[in-house]
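Q: Could you take a close look at the ligand site in this one? I'd like to know what surrounds the ligand and how that part ties in with the rest of the chain.

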Amino acid sequence: MRAILVKDGKGPVESLYLGEAEQPRPGPGKVLVKVKVFGLNRMDILQREGKYPMPPGAPTILGVEFSGTVVEIGEGVVEWREGDEVLGLAMGGAYAEYIIAPHRNLLRKPVHLSWVEAASIPEVFLTAFQALVVLAEVKKGDDVLVHAGASGVGLAAIQLARLNGATTVTATASTQEKLDMLLSIPAGATHAVNYKTSNFAAAVKETTGGKGADVVIDFVGASHWQKNIDSLAFDGRMTILALLGGSLVPEFDLRMILYKRLRIQGSTLRARSEDYQGDLIARFAHDAFPHITGAEGSGMIKTYIHKVYPWTEIQEAHSEMEANKNSGKIMCEIV
Ligand SMILES: NC(=O)c1ccc[n+]([C@@H]2O[C@H](COP(=O)([O-])OP(=O)(O)OC[C@H]3O[C@@H](n4cnc5c(N)ncnc54)[C@H](OP(=O)(O)O)[C@@H]3O)[C@@H](O)[C@H]2O)c1
């Protein structure tokens, strides 16, 4: 089969090329899908650079989310048939014509979603759902702070917070264009802050009448750490999903964690067990997926597509993400 490969196993954008790889076969409990569209995620860049801690057994081909058609069923799989139209999450291998996924990692593609929209959902919405709903236990009336608001995961988290009844959702981003977008979409942020020019902790305090955020979704780590702690309300919960701004905090006073009774948790999705992912996807399928439509759809929550590339332009697609230009998802079509 054809697949996007990385010359010498790791390297810069220029090392991505369309080559040949062995087509996988589905073992017991697995399904083979012919991929139509795959989504780019930030971790793809880290993996390409050789900086991503790969879970044991993960395929070396990049890509964790896709849409496509079921072409072969492994032993013991009863709920899928050849020809079923699906979207799904995998441990890797989506930058290819064919991918293997565990049978519980697939969702039926609704007719109201295009192939591109369907493939844009699994990784970012499941990550946001896990961080916000499962781990931080967001609830009606909460005040929420979401960093990297215009990222794929950020946009999903903002909307899921609104769906779950958050009173305010403050989002951060680096440009006015991104902030305007976050405030303009139907279930978008109620407040938006440029973290490069303003103190987001002060903004959250003002928005919440001095109380602070009940939930913070962070991707930044060290450079936001103190302000995140300052932003959190009593009994606040913060889920850390990435460390885009560094991992080392030189000096920190632990008293605020104790006195404010904070709960701070890191999380990953790709490294979770197949059972964990299957349970998470089942819960997501029930609680959130039915609310998601394409940008033109009438549902409250939408998937926002920044740009669609043919997979022959994979280098341009990676460069766009690397330059932080996207508001929403960057997608690639198999041509
Ligand atoms: N742990 C997990 O389970 C998990 C799963 C999926 C994704 N993730 C992580 O979630 C993050 C978002 O993923 P994505 O694919 O949605 O990303 P994305 O669409 O590429 O967006 C990432 C955004 O982060 C912001 N950013 C970059 N460097 C920053 C810095 N040093 N300080 C503050 N903001 C910075 C940029 O927006 P601005 O221009 O607004 O700064 C950038 O556009 C990534 O870091 C990814 O690795 C974690």
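A: Here is a walk through the ligand site, then the domains, the core and one helix. Keep in mind that this is a predicted model, where local features need pLDDT of at least 70, side-chain atom pairs count only at pLDDT 80 or more, and totals for chains, interfaces and linings use all residues. Residues are numbered from 1 along each chain as its sequence is written.

Start with the ligand. There are 27 residues around it, and Ser151, Gly152, Ala173, Ser174 and Ala242 come nearest (near means a C-beta atom, placed from the backbone, within 6 Å of the molecule). By class, the shell has 13 nonpolar, 11 polar and three charged residues. Here Ala, Val, Leu, Ile, Met, Phe, Trp, Tyr, Cys and Pro count as nonpolar, Asp, Glu, Lys and Arg as charged, and the others, Gly among them, as polar. H1, helix H3 (122-135) and helix H4 (152-163) each put at least two residues into the shell, and H3 gives the most, with three residues. Helices (H or I, at least four residues) and strands (E, at least two) are DSSP runs, numbered from the N terminus.

Now zoom out to the domains. The chain splits into domain 1 (2-119 + 304-333) and domain 2 (127-266), with bounds from an automatic or database domain assignment. Both domains give residues to the shell around the ligand, so it lies between them. The C-alpha centres of domain 1 and domain 2 are 29 Å apart. Six residues from domain 1 and six residues from domain 2 make the contact (C-beta atoms, placed from the backbone, within 7 Å). On the domain 1 side, that's one nonpolar, four polar and one charged residues.

Next, the packing. The largest nonpolar core has 102 residues, and those touching the most other members are Ile99, Phe125, Ala128, Leu132, Ala157, Leu160 and Ala161. Such a core is a set of buried Ala, Val, Leu, Ile, Met, Phe, Trp, Tyr and Cys residues joined through C-beta atoms within 7 Å; buried means 20 or more other C-beta atoms, placed from the backbone, within 10 Å of a residue's own. Domain 1 and domain 2 each supply at least three residues to this core. Take Ala128: beyond its neighbours within four places in sequence, Ala128 contacts Val153, Ala156, Ala157 and Leu160.

Last, helix H10 (residues 314-322). Its buried residues are Ile314, Ala317, His318 and Met321. Among the elements they pack against are helix H1 (42-48) and strand S1 (2-6).

Definitions and conventions:
Contact = placed C-beta atoms within 7 Å. Buried ≥ 20, exposed ≤ 12 C-beta atoms within 10 Å, placed from the backbone.
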